[in-house]
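The following exercises concern the sheet, the helices and the interior of one protein. Please examine the sequence and the structure before reading the solutions.

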Amino acid sequence: MRWTLWVPLLLFAFFVGLAGYQLSQPKDEFIHSTMIGKPLPEFELKPASSALPGVSTADFRDGKPKLLNIWASWCLPCIAEAPHLEALREAGVEIVGVAIRDKQEDVDRFLEAHGNPYSRIGADDISAIQLEIGSSGVPETFLIDGQGIIRHQHIGDVRAENVPELIEKLREAGQ
(Lines give C-alpha, C1' and ligand atoms only; values in the text may rest on other atoms or scores of the structure.)
Protein backbone atom coordinates (compact mmCIF):
# COMPACT_ATOMS: atom_id res chain seq x y z
CA MET A 1 0.00 0.00 0.00
CA ARG A 2 2.96 2.31 0.49
CA TRP A 3 3.62 2.49 -3.31
CA THR A 4 0.14 3.97 -3.96
CA LEU A 5 1.28 7.16 -2.24
CA TRP A 6 3.89 7.62 -5.00
CA VAL A 7 1.49 7.19 -7.98
CA PRO A 8 0.21 10.81 -8.03
CA LEU A 9 3.76 12.17 -7.76
CA LEU A 10 5.00 9.87 -10.55
CA LEU A 11 2.08 10.87 -12.80
CA PHE A 12 2.77 14.55 -12.13
CA ALA A 13 6.49 14.07 -12.90
CA PHE A 14 5.60 12.25 -16.13
CA PHE A 15 3.36 15.10 -17.34
CA VAL A 16 5.92 17.76 -16.39
CA GLY A 17 8.58 15.82 -18.31
CA LEU A 18 6.30 15.45 -21.33
CA ALA A 19 5.48 19.18 -21.33
CA GLY A 20 9.18 20.05 -20.98
CA TYR A 21 10.04 17.80 -23.92
CA GLN A 22 7.36 19.37 -26.13
CA LEU A 23 8.51 22.89 -25.25
CA SER A 24 12.12 22.05 -26.12
CA GLN A 25 11.28 20.91 -29.68
CA PRO A 26 11.93 23.32 -32.58
CA LYS A 27 8.90 25.32 -33.63
CA ASP A 28 7.55 24.51 -37.11
CA GLU A 29 5.86 27.68 -38.40
CA PHE A 30 5.06 26.22 -41.82
CA ILE A 31 1.44 25.17 -42.28
CA HIS A 32 1.23 22.08 -44.45
CA SER A 33 -1.81 22.61 -46.68
CA THR A 34 -3.51 19.52 -48.05
CA MET A 35 -4.73 21.55 -51.05
CA ILE A 36 -1.31 22.29 -52.58
CA GLY A 37 -1.12 20.50 -55.93
CA LYS A 38 -4.88 20.01 -56.15
CA PRO A 39 -7.27 21.79 -58.52
CA LEU A 40 -9.56 24.54 -57.32
CA PRO A 41 -13.03 23.19 -56.58
CA GLU A 42 -15.74 24.08 -59.07
CA PHE A 43 -17.52 27.29 -58.14
CA GLU A 44 -19.22 30.33 -59.56
CA LEU A 45 -19.65 33.36 -57.31
CA LYS A 46 -21.79 36.42 -57.97
CA PRO A 47 -20.05 39.82 -57.92
CA ALA A 48 -19.23 41.15 -54.44
CA SER A 49 -18.66 44.68 -55.78
CA SER A 50 -20.84 46.87 -57.95
CA ALA A 51 -17.79 47.74 -60.09
CA LEU A 52 -16.28 44.29 -60.76
CA PRO A 53 -17.44 40.94 -62.14
CA GLY A 54 -17.86 37.82 -60.02
CA VAL A 55 -15.50 34.84 -60.01
CA SER A 56 -15.64 31.27 -61.24
CA THR A 57 -13.20 28.39 -61.43
CA ALA A 58 -12.97 28.94 -65.20
CA ASP A 59 -11.29 32.33 -64.55
CA PHE A 60 -8.23 30.43 -63.28
CA ARG A 61 -7.84 28.16 -66.31
CA ASP A 62 -6.68 30.70 -68.89
CA GLY A 63 -2.99 29.75 -68.80
CA LYS A 64 -1.95 32.69 -66.60
CA PRO A 65 -1.09 32.25 -62.90
CA LYS A 66 -3.01 34.46 -60.48
CA LEU A 67 -3.36 35.16 -56.80
CA LEU A 68 -6.65 34.31 -55.12
CA ASN A 69 -7.08 36.55 -52.09
CA ILE A 70 -9.65 35.58 -49.45
CA TRP A 71 -10.63 38.73 -47.55
CA ALA A 72 -13.45 40.75 -46.00
CA SER A 73 -14.29 44.40 -45.49
CA TRP A 74 -14.66 43.80 -41.75
CA CYS A 75 -11.15 42.28 -41.48
CA LEU A 76 -8.54 44.57 -39.88
CA PRO A 77 -5.48 42.67 -41.23
CA CYS A 78 -7.06 43.05 -44.70
CA ILE A 79 -6.62 46.80 -44.32
CA ALA A 80 -2.95 46.28 -43.42
CA GLU A 81 -2.31 44.12 -46.49
CA ALA A 82 -4.10 46.46 -48.95
CA PRO A 83 -1.00 48.52 -49.92
CA HIS A 84 1.03 45.34 -50.47
CA LEU A 85 -1.64 43.86 -52.72
CA GLU A 86 -1.56 47.15 -54.61
CA ALA A 87 2.24 46.77 -54.99
CA LEU A 88 1.69 43.29 -56.42
CA ARG A 89 -0.91 44.64 -58.87
CA GLU A 90 1.50 47.41 -59.95
CA ALA A 91 4.13 44.70 -60.58
CA GLY A 92 1.73 43.09 -63.06
CA VAL A 93 0.20 40.44 -60.81
CA GLU A 94 -3.46 39.65 -61.38
CA ILE A 95 -5.30 39.32 -58.07
CA VAL A 96 -8.76 37.82 -57.87
CA GLY A 97 -10.68 38.40 -54.65
CA VAL A 98 -13.26 36.43 -52.74
CA ALA A 99 -15.13 38.49 -50.15
CA ILE A 100 -16.29 36.42 -47.20
CA ARG A 101 -19.67 37.05 -45.54
CA ASP A 102 -19.81 40.63 -46.78
CA LYS A 103 -22.29 43.13 -48.17
CA GLN A 104 -21.80 44.78 -51.56
CA GLU A 105 -21.94 48.31 -50.10
CA ASP A 106 -19.30 47.40 -47.48
CA VAL A 107 -17.01 45.90 -50.15
CA ASP A 108 -17.39 49.02 -52.31
CA ARG A 109 -16.67 51.27 -49.32
CA PHE A 110 -13.55 49.21 -48.43
CA LEU A 111 -12.22 49.40 -52.01
CA GLU A 112 -12.83 53.15 -52.13
CA ALA A 113 -11.02 53.72 -48.83
CA HIS A 114 -8.11 51.28 -49.23
CA GLY A 115 -7.66 50.82 -52.98
CA ASN A 116 -8.68 48.12 -55.41
CA PRO A 117 -6.00 45.65 -56.52
CA TYR A 118 -8.57 43.12 -57.81
CA SER A 119 -9.54 42.24 -61.37
CA ARG A 120 -12.73 40.57 -60.09
CA ILE A 121 -14.32 39.83 -56.73
CA GLY A 122 -16.76 37.05 -55.91
CA ALA A 123 -19.12 36.97 -52.95
CA ASP A 124 -18.78 33.90 -50.72
CA ASP A 125 -21.78 34.60 -48.49
CA ILE A 126 -21.55 31.41 -46.42
CA SER A 127 -17.77 30.76 -46.63
CA ALA A 128 -18.38 27.62 -48.71
CA ILE A 129 -15.51 28.23 -51.17
CA GLN A 130 -13.26 29.45 -48.38
CA LEU A 131 -13.67 26.14 -46.57
CA GLU A 132 -13.44 24.02 -49.73
CA ILE A 133 -10.02 25.38 -50.63
CA GLY A 134 -8.69 24.95 -47.09
CA SER A 135 -8.66 28.55 -45.96
CA SER A 136 -8.84 28.91 -42.21
CA GLY A 137 -9.45 32.64 -41.99
CA VAL A 138 -9.01 36.05 -43.55
CA PRO A 139 -6.89 37.27 -45.11
CA GLU A 140 -5.37 34.34 -46.91
CA THR A 141 -3.83 34.22 -50.37
CA PHE A 142 -3.45 31.29 -52.75
CA LEU A 143 -1.28 31.12 -55.84
CA ILE A 144 -3.21 29.37 -58.61
CA ASP A 145 -1.37 28.30 -61.77
CA GLY A 146 -2.82 28.80 -65.27
CA GLN A 147 -4.52 25.40 -65.19
CA GLY A 148 -6.39 26.08 -61.95
CA ILE A 149 -4.06 24.13 -59.64
CA ILE A 150 -3.26 25.50 -56.17
CA ARG A 151 0.53 25.94 -55.96
CA HIS A 152 1.05 27.97 -52.77
CA GLN A 153 -0.88 29.13 -49.73
CA HIS A 154 0.01 32.27 -47.78
CA ILE A 155 -1.75 32.42 -44.43
CA GLY A 156 -2.33 35.84 -42.92
CA ASP A 157 -1.89 39.29 -44.37
CA VAL A 158 0.56 39.86 -47.21
CA ARG A 159 3.36 42.10 -45.97
CA ALA A 160 6.09 44.02 -47.78
CA GLU A 161 8.59 41.18 -47.26
CA ASN A 162 6.16 38.71 -48.90
CA VAL A 163 5.78 40.69 -52.15
CA PRO A 164 9.07 39.56 -53.82
CA GLU A 165 8.49 35.96 -52.73
CA LEU A 166 4.98 35.90 -54.22
CA ILE A 167 6.20 37.48 -57.47
CA GLU A 168 8.91 34.80 -57.72
CA LYS A 169 6.45 31.98 -57.03
CA LEU A 170 4.10 33.40 -59.69
CA ARG A 171 6.99 33.51 -62.17
CA GLU A 172 7.82 29.88 -61.38
CA ALA A 173 4.16 28.85 -61.76
CA GLY A 174 4.03 30.52 -65.18
CA GLN A 175 6.89 28.43 -66.60
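Two strands count as paired if DSSP finds at least two bridges between them. The model is predicted.

**Exercise 1.** Determine the order of the strands in the open sheet, and state which strands are the edge strands.

*Solution.*
Step 1. The open sheet has five strands, in the order β5-β4-β3-β6-β7, and its pairing is mixed.
Step 2. β5 (118-124) and β7 (150-155) each pair on one side only and are therefore the edge strands.
Step 3. From one strand to the next, the twist averages 20 degrees.

**Exercise 2.** Establish whether β4 and β5, and then β6 and β7, run parallel or antiparallel.

*Solution.*
Step 1. Strand β4 (residues 95-100) is parallel to β5, and six bridges join the two. One residue to locate is A99, whose bridge partner in β5 is A123.
Step 2. The pairing of β6 with β7 is antiparallel and extends over five bridges. I144 stands opposite I150 in β7.
Step 3. β6 and β7 form a hairpin, with five residues between them. In the turn, G148 has a positive phi of about 85 degrees.

**Exercise 3.** Describe how helices α2 and α5 are placed against the sheet.

*Solution.*
Step 1. Helix α2 (residues 76-90) lies across β3 (66-71), β4, β5 and β6 (140-144). The helix runs at about 165 degrees to β3.
Step 2. Helix α5 (residues 163-173) packs on the sheet and touches β3, β6 and β7. The direction of α5 makes about 25 degrees with that of β6.

**Exercise 4.** Identify which residues have the most contacts inside the largest nonpolar core, and which elements contribute to that core.

*Solution.*
Step 1. In soluble globular proteins, nonpolar side chains tend to be buried together.
Step 2. The largest nonpolar core has 23 residues, and L67, W71, L88, Y118 and I121 have the most contacts inside it.
Step 3. Two or more residues of this core come from each of β3, α2, β4, α3 (104-114), β5 and α5.
Step 4. A second core, separate from the largest one, has 16 residues, including V96, V98, I129 and I144.

**Exercise 5.** How many cavities of 30 Å³ or more are found, and which element gives the most to the lining of the largest cavity?

*Solution.*
Step 1. A search of the whole structure finds one cavity of 30 Å³ or more. The volume of the largest cavity is about 40 Å³.
Step 2. Its lining residues include N69, W71, C78, E81 and Y118.
Step 3. β3 and α2 each supply at least two residues of this lining. Helix α2 gives the most, with four residues.

Key
Residues are numbered from 1 along each chain as its sequence is written. This is a predicted model: local features need pLDDT of at least 70, side-chain atom pairs count only at pLDDT 80 or more; totals for chains, interfaces and linings use all residues. Side-chain values use heavy atoms; hydrogens and water are left out. Axes are lines fitted to C-alpha atoms, for helices over the stretch in contact, and angles run from 0 to 180 degrees between N-to-C directions. Contact means heavy atoms within 4.5 Å. A nonpolar core is a set of buried Ala, Val, Leu, Ile, Met, Phe, Trp, Tyr and Cys residues joined through side-chain atoms within 4.5 Å. Buried means under 20% relative accessible area, exposed over 50%, partly exposed in between (1.4 Å probe, protein chains only). On a 1 Å grid over the protein atoms alone, a cavity is a set of points where a 1.4 Å probe fits but cannot get out, and a pocket is an open set with protein on both sides within 12 Å along at least five of seven lines; lining residues have an atom within 4 Å of a point. Grid points are joined across faces, edges and corners, and a volume is the space filled by probe spheres set on the points.
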